[in-house]
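Grab a pencil and work through these exercises with the structure open beside you. Try each task before you read its solution.

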Amino acid sequence: MIKSLSTRYKREFLGVSLFVSIITSLITFFLPINEMDNILYDSFLRQSHLRPASKDIVIITIDDKSLQELGTWPWRRVLHAQLLRHLEKAKSVGFDISFLGPSHYPEDDQEFARAIKQHGRVVLASFNNENHSPSYPHDPLTKEANKLGYINVPLESDSLVRQIERYIPDEYENQYHFSLAMLLAAGQDIELQNNSDTALKAYIPFSGPPNHYQTISYSDVLNFKVPEDMFDNKYVLVGAWATGLGDKFSTPTGRSSINMSGVEILANALQAEIEGKWIHKVSPTITLIFSLVWVLIYCVVVLILSPRMVFFASILLATSALVTHFLILQYLNLWVRLDPAIIGATLVYPLWTWRSQEILLKQMQKEIENLNAEKSIITMEQSYQPITTTLSGYNTFDEHINRLRSALARVRNLRQFITDSLDGMPYATAVFDADNQLLYSTAITEKYLAELGVSYKNPLNLKEFILLITANENITNSVIQRIIETSTMVSDNSDTVIESKEDIEFKDRANNDILIRIANTYTSLGQYSGFILTLIDISRIREQERQREQTLHFLSHDMRAPQSAIQALIKMQQNPQTALSLEDFLRQVNLLSRNTLNLVDNFLYLARAKNTSYQLLPINLLDLLQNVVDNFWSIAKARQITLAIESAPDSCYIMADGTLLSRAFNNLIDNAIKYGKDGMHIALAITEENNYWHISIKDQGIGIAQEDFERIFQVFGRAPQMETKRISGLGLGLAFVHTVIVGHQGSVTLESTQGVGTTFHIYLPILHDEESVLL
């Protein structure tokens, strides 16, 4: 289904791209230049080709001042002859004036013709008439002119002058445009490519707005009001400038209220010829290539980006296109039409939005129908109820939204159901994806990690998660390897799923026994998607198992040993040859029976300390310790051991179970005497430290190795040196001490040096409300 949707999506994209490309091609080849393209060209031209007017070009204007000084137009042609004598050193002189037919003064024509001939670099204006022969100047003038140049400037559809025809290769002699004729008259060698449309027609790169070129009044030249060398090596144009005299045209660089005179347009064309900087329009084929590049890039943009990003990408792409075409115009003097690309790109977004929405809506409807067809596992999953439309065949926007809301509500309910189910589990649970990345962890998991003293932030992978729990690299690697081996394995050659039910057990950083169980997860298509880890704290179970084993060992060995010894004594006593004296027999039986009773008492007291609630009452710790010391007075004296409380406050109350706490201190002092040396000193002290009573019991016995510190507080745990002393015991005494002290919200530690002695440190919470106790 996913593959089918992807294929259709790509097919629709290719269809939209092909359709827009065809439209762009048709616009490029068959749609004439429209106003949009002219506006862009004019704007770009004003910014890219504005430059100073050429200093080699001077315009002599027939302006209002000249008309006032020399009389009304037309003037006698002898004045033009006089003007030419002032321009003898000019490169060439062009008269943008129609000298059609003879003047009223034949001698003036002759004088003007002689002046033209004498100068030798004069260009006269002609005009090409549509369907008629060109209009030439008067024959005597034409014969003496160096070149004739037509002054036609074609107007485009918006009445602006943008281009000229540089020359026309036909049967007429005046085949050169006026600006080109000026260069030829000056003796410039110019190679012309006949029958080349690019060479024939060219756009004028206007250097500036109207009145941009240097102008000198006609009358000022005749009246010697300008320097004699003013026109040396200059191209001189002579033309109408006065109000109402001559033609004026709109140009891309001019404002709507100011037009450019015909002679200044010729000056712009002449500067383009001098600089060789004509603007040419590229062929339709190249225009199509550029247009398709922009259009297809935009197609890709709308395909891969979100609608919001498409907006910003559209601005960026449009800016890139404008800048690119501007730079091509500025540096290559080529104009590439933008309107086909603009129109084509404008069609892309609505077309693709229409087709993609059509695909998405149909797919959404299909998916919702499939979802409704599936079996619901909870009543909260409400299927979509079709909405009846008033017009058959119409799918309203509200209907689509309601369908989507219903489907999303169902998915949310199911997700909430799954989340609640996971959070409702009594154990820490974490969900991982197929790449071993943590996706979700329950509140109990976070609480468990907090109890371990660690915290985390996503993203977190499986190794980092397990390392937080174990704080050991080797254990982590071992656990991860077993998780990977235990999790789902999918055969490379089949879809067979092999499940392993092996549990994984390890110890966390708090020394708790943790059992990991793994449940694999799959997609709706049956593909492996990850697994769920359940972490179960089985410390109590393992502790109970250890206690059960210890109890069995106690019953099967330690309790049977003295009873078996009694049975052996009885058998010996029945045999006259091995019988003991009655006194010895009774003494041995009494000793063995007392050992049995002591074992039973110690075991029962330990069980009570672990499994029953304490009867807490206010107790003066000093009195309790003094009673314990008094109980051992006779035993200590028999071995010449001194036993005393060396320092303690008069009042040191605690909340305690007196029976259990007395037995705990009994065990500590009994061990001190049992494993001590004759004649040694045992010192007790009580001090106050941070809201705790600190009780220290210091002996001068055999000492305990540091590696055995934790072991001796475990049930049946004894230090090796105690075994070598051959003193009877099961290792229940200190386990009882530890259990009772911890049960009173206290702690017990020790310091010991082998051969020197041991000091036990007990800390119990202070009861501060002593006044109520005393009352």
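**Exercise 1: a hairpin and its sheet**

Glu689 has Tyr692 in S24 as its bridge partner. This is a predicted model, in which local features need pLDDT of at least 70 and side-chain atom pairs count only at pLDDT 80 or more, while totals for chains, interfaces and linings use all residues. Residues are numbered from 1 along each chain as its sequence is written, and side-chain values use heavy atoms, with hydrogens and water left out.

Task: work out which strands make up the open sheet with mixed pairing, and in what order.

Step 1. Start with the hairpin. Strand S23 (residues 681-689) runs antiparallel to S24, joined by seven bridges. (Strands are DSSP runs of E with at least two residues, helices are runs of H or I with at least four, and both are numbered from the N terminus; two strands pair if DSSP finds at least two bridges between them.) Two residues sit between S23 and S24, and Asn690 in the turn has a positive phi of about 50°.

Step 2. Move across to the next neighbour. S24 also pairs with strand S26 (residues 757-765), antiparallel, over seven bridges. One bridge to look up there is Trp693 with Leu764 of S26.

Step 3. Carry on to S25, which is joined to S26 by seven bridges and is antiparallel to S26. Thr749 has His761 in S26 as its bridge partner.

Step 4. Put the five strands together: the order is S21-S23-S24-S26-S25. Strand S21 (642-647) and strand S25 (747-753) are at the edges with a single partner strand each, so one side of each has no neighbour in the sheet. From one strand to the next, the twist averages 15°.

**Exercise 2: what the core is made of**

Task: find which helix gives the largest share of the largest nonpolar core.

Step 1. Locate the core. It has 43 residues, and those with the most contacts inside it include Leu621, Leu661 and Phe665. (A nonpolar core is a set of buried Ala, Val, Leu, Ile, Met, Phe, Trp, Tyr and Cys residues joined through side-chain atoms within 4.5 Å; buried means under 20% relative accessible area, exposed over 50%, partly exposed in between, with a 1.4 Å probe and protein chains only.)

Step 2. Name the helix: H23 (residues 658-674) supplies eight residues.

Step 3. Zoom in on Leu621. Leaving out residues up to four places away in sequence, Leu621 touches Cys652, Ile654, Leu661, Phe665, Ile686, Trp693, Ile695 and Leu764. (A contact means heavy atoms within 4.5 Å.)

Step 4. Check strand S24 (residues 692-698) as well: five of its seven residues are buried.

**Exercise 3: does a helix add up?**

Task: what span should the 14 residues of helix H2 have at 1.5 Å a residue?

Step 1. Use the rule that the expected span is 1.5 Å times one less than the number of residues.

Step 2. For H2 (residues 35-48) this gives 20 Å, and the end C-alpha atoms are 20 Å apart, which agrees.

Step 3. See which residues of H2 are covered. The buried ones include Asp37, Leu40, Tyr41 and Phe44.

Step 4. Look for what they pack against. Among the partners of the buried residues of H2 are helix H12 (307-332) and helix H13 (339-373).

Definitions and conventions. Axes are lines fitted to C-alpha atoms, for helices over the stretch in contact, and angles run from 0 to 180 degrees between N-to-C directions.
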